[in-house]
Amino acid sequence: MSNEKTLGEVLRQQGITRRGFLKFCAATASLMALPPAMVPRIAAALENARRPSVIWLSFQECTGCTESLTRSHSPTIEGLIFNAISLDYHHTLQAAAGTHAELAREKAMEENYGNYILVVDGSIPTGNMGFSTIAGISNREMLEEVAKGAAAIVSVGSCAAFGGIPHASPNPTGAVAVTDIIKDKPIINVPGCPPIPVVISGVLAHFLTFGSIPELDALGRPLAFYGKSIHDRCYRRPFYDKGLFAETFDDEGAKLGWCLYKLGCKGPTTYNACATTKWNEGTSFPIESGHPCLGCSEPDFWDGGGFYKAISMPTGDIARTAVYAIGAGAAAGVALGAVNRARKARAVKAHQKVTIDDLEKDS
Amino acid sequence: MNDAGSTELRVKAGEQLTFNVEPLLHEIRHGLKRLLETAAATIIDLRSIPLAPGEEERIISELGTGEVQARMSALGPSEIRETRFPGVWLVTHYNSDNEVIGKFIEVCDIPQILKAQAEDIRDGLAQLTARLA
Amino acid sequence: MTETELLMWVRGPVLQVATVIFLLGVLVRILEILVLGRKANLAEARGSAVAGGLRTIVSRSFPDSGTLRRSTFNVVAGYVFHTGFFIVLLLFAPHILLFRDVFGFGWPALPTQIIDAITIVTIITLLAVLVHRMTHKVMRYLSRFQDYLVWLVTILPLITGYLAFHRIGLTPTMLIAIHIISVELLMVVFPFTKLMHAFTLFMARYYNGAIAGYKGVNS
């Protein structure tokens, strides 16, 4: 847990030449979606950066976010960044468990009080404190305690950022996001189910380079990765504009790579870097593989009316309602018409005159 | 569905969508002019541009191969090669699992990363001095 | 209520209610007219009422030169706005997708850039229509609250639709929710206002044509 050496010194110690360091900076700049012209600045900043202590707490999660991050094989940038930080506690990845692990965590918190980064994945249940615990401590208690001394909190994954799948209707555990519990610390939301690994490391890299939080949007997500919607960066957009849509998953349109809007693509309302950064080191992303975007980096995407229904479609059976309404309307119309006829017949019989008031009546 | 048929269709889709190839080539052209006039380099991060499947291959094949090809091994391999346009270099960084971690088009006389760095030279000098001592 | 919940509510129960009010209301009003009927014409028929009626439905779509000269703005603006409105409503891909979902069949769409341009033209025309209504002496004299209300519920779907498509101002989820609400507002207001002309105009044209056709004269 020694944080006295700078990042430059740590890398040099590991036998990484300056050239290698520059390659690392170039890839980091690319990762953070920064222009290549900034590489010298990044190199200067990273050289002198101190290794921050990071405590990673996993709550009600599927571990997909940790998996996503660790799928990157070392030494890649993700691996190096994890060398660059001092991951003092991660109860899934670390070997220790139980009291000793918790003691280690408390020691890290004490030594770096006010300066450590708290990373959270998984939602926090509020229904019953016993729904999710670590070493007998409820998630909520642990979050509140560790958050006190954190410099900043990074909520990794849609569960920590917005509640995720546990939060979906009917939310049996009373799951909430980190932002629903901690109100007095800067929180960066890195949603996605899971988030793209380079996005997670990009946020950490930003912290390393600039020592500050990246610019965030209204939902607390870094603008560098969540500033544009999938729709705005999707390579299939020309097909949307031309009105060429795939109707099913294996028709001609699907084979020709047409727009997947009709198959329920949530691209227009989803903000993430999938269309540019892509997955698996730039291999592909769901739309490129022929599947509509799920909208997994948006709040409540599980309750959005179905993955295969476009968001502008009615959720109920409108056709049936329409048929009933027409039937009822026809009956009511005929009935009211008959009433009107009877009234007219009576008026004629009583020799009623048409007055100016009748003519001035509103429709 | 036979494989030949599906590859054919995919190529067709790629051919329809070369919206970024021309603008990128224009940007490179501007970079070359700037290089001649002011000696300033232009670096384009290929991973920051949304490219349809097949478009990246098109751009790289358009740029072609020139006289210089260099291979670097630092934190995994890197390939630096001059394209058929002198001054336009393609720099691809891989990690030790041969996965791409960076792809850049550099318009400059020589990419910075090929030059020997002062710190490394100092280290080498110290090693040589120790060897000759 | 989160944005997603609002959108779900708007796409679900609110749409059901709006559909019921719209269809029930329209049918009641049309049937009221039809059931009331017309006084029987006891004179001998000199021509075909049905033929006259049907012909008039079509012929009234072409303005006569007198009307065109006297009310050029109303005729031209009316045509431009109505045509634009229906093109945007019926030939825009996401709308056709909605109709296919409800009716089970769709039809080809126009490219979205064309729809976009037509939307702008329609909105501008509607604004001009409002200005005309407010500045022309006679129009101003005749106009009541309902006329302005009807204008508002007609232009709102166009404006909100344009904003939703271009994602200007609010989040996309919110913009689509607002667009759908504006359409539901139009649906709910429809049967209680002059918007009924969309259906009654055919009935009025038919009646006029039938009466004249029966008498054996042009209409």
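How many residues of chain A are in contact with chain C, and how many of chain C with chain A? The count is 38 on chain A and 34 on chain C, where a contact means that two C-beta atoms, placed from the backbone, lie within 7 Å.

## Before you start

This is a predicted model: local features need pLDDT of at least 70, side-chain atom pairs count only at pLDDT 80 or more, and totals for chains, interfaces and linings use all residues. Residues are numbered from 1 along each chain as its sequence is written, while chains are lettered from A and ligands numbered from 1 in the order in which they are written.

## Where A meets C

Back to the side of chain A that touches chain C: α13 (237–242) and α15 (318–349) of chain A each supply at least two of its residues. The top contributor is α15(A), with 17 residues. Helices here are DSSP runs of H or I with at least four residues, strands are runs of E with at least two, and both are numbered from the N terminus.

What is that side made of? It splits into 18 nonpolar, 14 polar and six charged residues. Nonpolar covers Ala, Val, Leu, Ile, Met, Phe, Trp, Tyr, Cys and Pro; charged covers Asp, Glu, Lys and Arg; the others, Gly among them, are polar.

Two pairs of chains touch, and the A and C pair has the most contacts. Chains B and C don't touch, and their nearest C-alpha atoms sit 17 Å apart.

## Chain C on its own

Chain C has eleven helices and zero strands. Its C-alpha trace spans about 65 × 35 × 35 Å along the principal axes. Of its 219 residues, 30% are buried, meaning that 20 or more other C-beta atoms lie within 10 Å of their own (12 or fewer is exposed, in between is partly exposed, with C-beta atoms placed from the backbone). Among contacts in chain C with a separation of 6 or more, 74% join residues 24 or more positions apart.

For a single residue to look at, try C:Arg100, in helix α6 (residues 93–103) of chain C. C:Arg100 counts as partly exposed because it has 15 C-beta neighbours inside 10 Å. Setting aside neighbours within four places in sequence, C:Arg100 is in contact with C:Phe105 and C:Gly106. The C-alpha atoms of C:Arg100 and C:Arg70 are 42 Å apart, with their positions 30 residues apart along the chain.

## A helix in the open

Over in chain B, helix α4 (residues 118–132) has 15 residues. From first C-alpha to last it reaches 21 Å, close to the 21 Å expected at 1.5 Å a residue, the expected span being 1.5 Å times one less than the number of residues. The number of buried residues in α4(B) is zero, so this helix lies largely in the open.
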